[in-house]
Amino acid sequence: RQIIDTIIDLNRADEFIHTANCLSQLGYQEVNLNLGCHSNTVVAKGKGSGFLTRQDELKKFLDEIFDGLPDMDISIKTRLGRYAADEFYELMDLFNSFPIKELMIHPRIQKEFYRGKPHMEEFAYAYENSKNLVFYNGDIFTVKDYENIEESFSNLKSVMMGRGALANPALFEEIRGTGEADKKRMREFVGELCAAYGEALGSDVIVLQKMKELWHYMLPMFAGSDKYGKEIRKSKTLTEYKAVANAL
């Protein structure tokens with residue numbers, strides 16, 4: 001199934017419909033509206049999770065895009081609200097009035113970014129009361145994290161992993177019981193990714209930025225990584241970066 005998740009910056013229905021139609025011509029069958037983006041620069045424009053506080057506008061927007069895209073599936077990724085978790089109960093009523101293909105819920109509010117614990121009471125409410133298929137997203141970093149969600153919500157059809165998959169690229173295999181991370185595989189993965197970025201982007205500066213970003217998530221997998229993390233962040237060239245990564 002082809003799916004694309006690029007519509008985080010659109011809160012005008014006509015622009016969303018135009019973009020979705022362009023994607024449909026490329027063969028995509030589903031678009032995902034990201035109401036979960038917590039970036040302050042996005043939220044300040046009433047986009048991403050900033051749209052969640054403007055429920056009248058959001059309802060009008062959803063009315064228009066579902067009417068304007070009868071042949072395309074629309075899924076939604078959302079947070080619980082912007083300021084308080086109990087905003088989600090009204091949002092749930094709103095989401096239930098539309099034929100959403102999949103409702104992906106990160107049970108935090110925008111103001112929390114990734115701090116604190118997910119609000120599982122509100123997610124449980126969605127799990128029990130959603131008329132649409134619900135997915136879980138948030139804080140799945142280990143097999144045990146995944147198993148805890150699976151045990152708590154036995155009929156859950158799927159989960160979404162973001163930061164956990166960046167921290168441990170073998171996490172999917174570990175959950176399935178088909179493989180695990182080790183130093184050799186991690187070295188190969190990081191090397192291949194760096195080389196592929198180089199071919200695709202053609203700029204050592206941009207590649208270095210991307211690898212530093214990746215290591216922000218991956219460093220906690222390695223014992224005693226604080227020293228190496230500082231050296232990676234201070235690296236000014238790919239050569240310097242590769243030397244530190246190899247040492248790690």
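Helix H7 is the top contributor to the lining of the largest pocket in this predicted model, putting in three residues. This helix covers residues 163-167, and strand E3, spanning 73-81, also brings at least two residues to the wall of that pocket. Altogether, 21 residues line the space. Those lying nearest the centre of the largest pocket are Lys77, Tyr114, Asn137, Met160 and Gly162.

As for room inside, the largest pocket holds about 470 Å³ of space. The make-up of its lining is a mix: eight residues are nonpolar, eight are polar and five are charged.

Then there is the second largest pocket, with about 290 Å³ of space. Its lining is made up of 14 residues, and Met186, Arg187, Val190, Ala245 and Asn246 sit closest to the centre. Here helix H9 gives the most, with seven residues of the lining. That helix runs over 183-201, while helix H12, at 238-247, is another element that supplies at least two residues to the second largest pocket. Sorted by class, the lining of the second largest pocket comes out as nine nonpolar residues, two polar ones and three charged ones.

To recap the main contributors, H7 leads in the lining of the largest pocket, and H9 does so in the lining of the second largest pocket.

How values were computed. Residues are numbered from 1 along each chain as its sequence is written. This is a predicted model: local features need pLDDT of at least 70, side-chain atom pairs count only at pLDDT 80 or more; totals for chains, interfaces and linings use all residues. Side-chain values use heavy atoms; hydrogens and water are left out. On a 1 Å grid over the protein atoms alone, a cavity is a set of points where a 1.4 Å probe fits but cannot get out, and a pocket is an open set with protein on both sides within 12 Å along at least five of seven lines; lining residues have an atom within 4 Å of a point. Grid points are joined across faces, edges and corners, and a volume is the space filled by probe spheres set on the points. Helices (H or I, at least four residues) and strands (E, at least two) are DSSP runs, numbered from the N terminus. Ala, Val, Leu, Ile, Met, Phe, Trp, Tyr, Cys and Pro count as nonpolar, Asp, Glu, Lys and Arg as charged, and the others, Gly among them, as polar.
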